[in-house]
Amino acid sequence: MRTGSIFLLTVVLMAIFGVGLFAGWQYAGGSVATTTTTHSTTSSGSSNVTVSSTLPQTQRETAIEKIKPSVVELDVTTNQGQQLGSGVIIDKNGDIITNNHVVDGAQTIKVVLYDGRSMTAQLVGTAAQDDLAVVHVQPFAKMVVATIGDSTRLTVGQNVLAVGNPLGITETVTSGIISALNRSVSESNTVTINNAIQTDAAINPGNSGGALINEQGELIGIPTLTAINTESNTPANGVGFAIPSSLVKTALSQIIQQPAQ
């Protein structure tokens, strides 16, 4: 009878141990499965966020690569010394749009291409009232012409990029947004830019005459000047202006497309 009791107790203990072991195994298996599922979901979510965040950057890089070969540096010699600015190749004939104040009084004009090559340019004509001018170089191999966009379709808050040669630092890109549209900006007593684009993209000396582009790499304005803080008589940060492409097209037609003689 004593032996039977011991046997019965042993069986009960084995049963309890077996049930506990099985339950522990089930719990451990469930935890692994849950952890794996959670990790998989997190990884998938992180991948989507990464892809989404890189798309705008890729678009900007594509836009810059599209316009960059069209933007040149202008080194101008005048009676007063040297003037520095930028320009944009706008047709296959080698015509380059820039600001009139960049080439005003020019004795010689040297164009430095995006790949470092230099060429001599001649002044074609000006639309001084709009602070625009056109200079010409001989067409060259692999010349890239800028695509002119429609500035009448711009919206406030739209992302833009300014490409030029500020302070002689070639092929510099700054980014910002369109802060306002249809500004009337007095550049001097004789020059007022109508329908100007206001932007917070940095515009410094040497940027004048360069390219303001949208995210498709289209030329939508010519960066021209920065507002002056009248209290300190210094350039105001984040308040720059560009001549809209709609006005650029009109000026080009006046300067270049002259009636046949």
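**Entry 1: a strand pair to start with.** I began at strand E7, residues 159-164, and looked for its partner strand E8, residues 172-186; six bridges join the two, and they run antiparallel. This is a predicted model, so I keep in mind that local features need a pLDDT of at least 70. I then picked one bridge out of this pair: Gly 164 has Thr 172 in E8 as its partner.

**Entry 2: the next strand along.** From E8 I moved on to strand E9, residues 192-199, and found the antiparallel sense again, with five bridges between E8 and E9. Which residue of E9 is the bridge partner of Val 185? I looked it up, and the partner is Ile 193. I also checked how the chain gets from E8 to E9: the two form a hairpin, with five residues between them.

**Entry 3: the whole sheet.** Next I wanted to know where these strands belong. Following the pairing around, I get a closed barrel of six strands in the order E7-E8-E9-E12-E11-E10, paired antiparallel. Neighbouring strands of this sheet are turned by 50° against each other on average, direction ignored. I jotted down a reminder for looking at any such sheet: in a regular strand, side chains alternate between the two faces.

**Entry 4: the other side of the order.** I went to strand E11, residues 219-229, and strand E12, residues 234-244, and noted seven bridges in the antiparallel sense. As a sample bridge I took Pro 223, whose partner in E12 is Ala 242. Which strands does helix H3 touch? Helix H3, residues 245-255, packs on the sheet and touches E9, E11 and E12. I also noted its direction, which makes about 55° with that of E12.

**Entry 5: stepping back to the chain.** I counted up the elements and got three helices and twelve strands. Of the 261 residues in the chain, 39% are buried. I looked at the contacts with a separation of 6 or more as well: residues 24 or more positions apart account for 61% of them. For the accessible surface I have about 14600 Å², and 57% of that belongs to carbon and sulfur atoms.

**Entry 6: how far to trust it.** Last, I checked the confidence. The chain averages a pLDDT of 83, and 77% of the residues score at least 70. I put a mark beside residues 25-55, where the pLDDT is below 50. That stretch has zero contacts in the model beyond near neighbours in sequence.

Definitions and conventions. Residues are numbered from 1 along each chain as its sequence is written. This is a predicted model: local features need pLDDT of at least 70, side-chain atom pairs count only at pLDDT 80 or more; totals for chains, interfaces and linings use all residues. Side-chain values use heavy atoms; hydrogens and water are left out. Two strands pair if DSSP finds at least two bridges between them. Helices (H or I, at least four residues) and strands (E, at least two) are DSSP runs, numbered from the N terminus. Buried means under 20% relative accessible area, exposed over 50%, partly exposed in between (1.4 Å probe, protein chains only). Contact means heavy atoms within 4.5 Å. Accessible areas come from the Shrake-Rupley method with a 1.4 Å probe; for residues, only the protein chains shown count as cover. pLDDT is the predictor's confidence in each residue, from 0 to 100. Axes are lines fitted to C-alpha atoms, for helices over the stretch in contact, and angles run from 0 to 180 degrees between N-to-C directions.
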